[in-house]
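Colleague: Could you walk me through this one? I'd like to hear the reasoning behind the labels.

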Amino acid sequence: MKNLPFKNCDKAFDKQNAETFIMIKACEECAELTQALSKYIRGKWHQDKISEEIADVEICLEQLKALFGNEVDVNEAKQDKIRRTALKVRRYGKKPL
Ligand SMILES: [Mg+2]
C-alpha cells in the first residue's frame, strides 16, 4: 500500500479500508452478541460474556454513527420507535399474545 504512485490514492485507500473495517467489525460484534445471547438462553454462557459483547456492539454503534455522520437521524428514529412501542403497549398490553 505504501508503494502506490499517488499520495492522494494512498490516503483514499486508507480511508476506504478504515470504513470497511468499521462496518465488518460491527457485523462481527453483532454476531458475537447474538451467539452470546443464544448460549446464555441455553444456559451455556455467563452474564459477564453478555456484558462484554454488549460493550463491543455499543462501541461499534458509536463508530458507525461517526462514520455515517447520522447521530441526529439515529436518535430521531430511536425516539420515534420508542413512542410507537409505548403506544402499542398501551393499546394491546393487556391482551394475551
Ligand atoms: Mg465481541
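What follows is a short chat about how the labels were assigned.

Modeller: Just so you know, this is a predicted model, where local features need pLDDT of at least 70, side-chain atom pairs count only at pLDDT 80 or more, and totals for chains, interfaces and linings use all residues. Residues are numbered from 1 along each chain as its sequence is written.

Colleague: What makes up the chain, in terms of helices and strands?

Modeller: Three helices and zero strands, running α-α-α from the N terminus on. Helices (H or I, at least four residues) and strands (E, at least two) are DSSP runs, numbered from the N terminus.

Colleague: How do you know which element has the highest mean pLDDT and which the lowest?

Modeller: pLDDT is the predictor's confidence in each residue, from 0 to 100. Helix α2 has the highest mean among the elements, 96, and helix α1 (residues 7–41) the lowest, 90. The chain averages 88, and 88% of the residues score at least 70.

Colleague: What span is expected for helix α2, and what does it reach?

Modeller: The expected span is 1.5 Å times one less than the number of residues. With 22 residues (47–68), α2 should give 32 Å, and it reaches 31 Å from first C-alpha to last, so close to expectation. After α2 comes Gly69, with a positive phi near 60°.

Colleague: Why is Leu61 called partly exposed?

Modeller: Buried takes 20 or more other C-beta atoms within 10 Å of a residue's own, exposed 12 or fewer, and partly exposed is in between; C-beta atoms are placed from the backbone. Leu61 has 14 such neighbours inside 10 Å, so it counts as partly exposed. Leu61 is found in helix α2.

Colleague: Why does α3 lie largely in the open?

Modeller: Of its 22 residues, the number buried is zero, so α3 lies largely in the open. Across the 97 residues of the chain, 4% count as buried.
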